[in-house]
Amino acid sequence: METIKKYIQQPTISYLLFWVLFVMFTATASSWYYSSTREVIEVYTIRTIIQFLITSTVIFVFIPKFLNQGHKILFWIFSLALLTLGFITCTLIKVYYLEPTYPVTYQNYLKRFPEATLHDRLTSIKEFIRVANYLLQPTFLLLAIRFYRKQQALTKLNEQKKIAELTALKNQLNPHFLFNTLNNLYALAFKKSDRTMLVIQKLSEILDYTLYGCNEKYVPIRKEVDLIENYLALEKVRYDDRVSISFKKEVSKEGKIAPLLLLTFIENAFKHGVSQELTNATINIELTQKNKEIDFKIENTKPKPSGLSNTYKEEIGLKNVKKQLNLLYQNNHSLNINEEINWYKVHLKLSTK
């Protein structure tokens with residue numbers, strides 16, 4: 001049942017399903033008006049094709065290209081031109097095909113026009129409004145559905161943001177992490193190590209960013225890189241020679257990303273690949289940005305023996321990240337988490353904002 005629900009929720013499937021239900025409902029409700037089943041099929045096939053073309057053009061072309069870009073006048077001009085073309089097409093099909101083929105159905109309809117000539121019908125404002133009404137019905141319905149879904153998504157996003165802000169501190173900078181960092185700091189201070197100031201600086205920057213620097217929905221990706229580097233620096237001090245860390249990055253200053261998304265995967269790599277490893281562990285991280293696409297890869301060695309095959313994928317932090325990805329990036333991301341014999345591997349792709 002869950003699989004069917006996910007399949008139906010795919011944009012293309014849900015869009016086509018809407019049209020199937022819309023045609024079935026409208027055709028059934030108006031079938032009494034026509035003289036035969038064949039006429040109903042022909043009329044609604046023609047009508048649906050025109051409605052589909054108009055609706056798809058307005059929603060997927062005119063709105064993104066003109067209305068969303070602030071070109072309202074162009075949007076209305078092109079929409080009116082498209083609607084006029086649809087009206088002319090419908091009128092021509094009626095005059096030259098439907099009315100001669102099914103004269104009984106259109107007897108009363110033709111009485112609306114004094115002469116019922118093609119010119120009179122094409123210049124009739126009342127007829128234009130009537131035809132435009134049913135041509136735009138699916139457009140209005142789909143826009144209403146999209147608005148409702150958008151409001152639902154915004155509500156969920158606000159709720160998820162509150163949860164994310166709380167769980168971010170709990171999962172990314174949990175007391176265990178702070179406790180170990182402070183212990184390391186104490187030990188370094190006791191030894192009067194040169195790394196003492198480094199640890200204080202990195203910890204201060206991390207706390208400042210997580211508390212005050214990532215309150216926006218999206219943040220510059222460079223800030224997330226700085227956060228990761230600070231986190232890795234502290235963990236390197238903590239584990240010293242027990243872990244080999246590689247962090248390769250290639251990002252621009254323009255790209256933006258949801259805050260703290262990537263850090264969850266990095267923390268899990270240390271938790272499952274380093275903290276329980278008695279010898280040497282390896283963590284490899286790659287972060288690249290090309291145009292508007294972010295590609296993030298992280299892999300860590302598994303401790304031997306390992307009993308964490310299911311634990312890794314069921315982490316609360318990971319579940320939270322998946323919810324955030326679905327809300328913030330919807331269909332503009334892909335996440336793959338794989339467990340191999342000696343490695344855990346995560347591959348995340350998403351579009352920058």
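This is a short chat about a predicted model, covering its confidence, a sheet and a pocket.

Q: What does the chain average in pLDDT?
A: The average is 81 in this predicted model. Of the residues, 86% score at least 70.

Q: Where is the pLDDT below 50?
A: Over residues 306-314. Beyond near neighbours in sequence, that stretch still has 18 contacts in the model.

Q: Why not read those coordinates closely?
A: Where pLDDT is low, predicted coordinates should not be read in detail.

Q: OK, the sheet. What is the strand order?
A: The order is β2-β4-β5-β7-β6. Five strands form this open sheet, and the pairing is mixed.

Q: Which strands sit at the edges?
A: β2 (243-250) and β6 (333-339). Each of them pairs on one side only.

Q: And how many degrees is the average twist?
A: From one strand to the next, the twist averages 5°.

Q: Take β2 and β4. Parallel or antiparallel?
A: Parallel. Eight bridges join β2 to β4, which covers residues 281-290. Within that pairing, Ile-245 has Ile-283 in β4 as its bridge partner.

Q: Other end now. How do β6 and β7 run, parallel or antiparallel?
A: Antiparallel, with seven bridges joining them. Glu-339 stands opposite Tyr-344 in β7.

Q: How many residues lie between β6 and β7?
A: Three; the two strands form a hairpin.

Q: What lies across the sheet strands? Start with helix α11.
A: Helix α11 (residues 221-239) lies across β2, β4 and β5 (293-301). Its direction is at about 170° to β2.

Q: Which strands does helix α12 lie across?
A: β2, β4, β5, β6 and β7 (343-351). Helix α12 spans residues 261-273 and runs at about 10° to β5.

Q: Switching topic. How much space lies in the second largest pocket?
A: About 500 Å³.

Q: Which lining residues are closest to its centre?
A: Tyr-34, Tyr-44, Arg-47, Arg-130 and Tyr-134. The second largest pocket is lined by 23 residues.

Q: What is the split into nonpolar, polar and charged there?
A: The lining of the second largest pocket has 14 nonpolar residues, five polar and four charged.

Q: Which helices each supply at least two residues of that lining?
A: α2 (11-30), α3 (37-67), α4 (72-101) and α7 (125-135).

Q: Which one gives the most?
A: α3, with six residues of the lining of the second largest pocket.

Note on methods
Residues are numbered from 1 along each chain as its sequence is written. This is a predicted model: local features need pLDDT of at least 70, side-chain atom pairs count only at pLDDT 80 or more; totals for chains, interfaces and linings use all residues. Side-chain values use heavy atoms; hydrogens and water are left out. On a 1 Å grid over the protein atoms alone, a cavity is a set of points where a 1.4 Å probe fits but cannot get out, and a pocket is an open set with protein on both sides within 12 Å along at least five of seven lines; lining residues have an atom within 4 Å of a point. Grid points are joined across faces, edges and corners, and a volume is the space filled by probe spheres set on the points. Helices (H or I, at least four residues) and strands (E, at least two) are DSSP runs, numbered from the N terminus. Ala, Val, Leu, Ile, Met, Phe, Trp, Tyr, Cys and Pro count as nonpolar, Asp, Glu, Lys and Arg as charged, and the others, Gly among them, as polar. Two strands pair if DSSP finds at least two bridges between them. Axes are lines fitted to C-alpha atoms, for helices over the stretch in contact, and angles run from 0 to 180 degrees between N-to-C directions. Contact means heavy atoms within 4.5 Å. pLDDT is the predictor's confidence in each residue, from 0 to 100.
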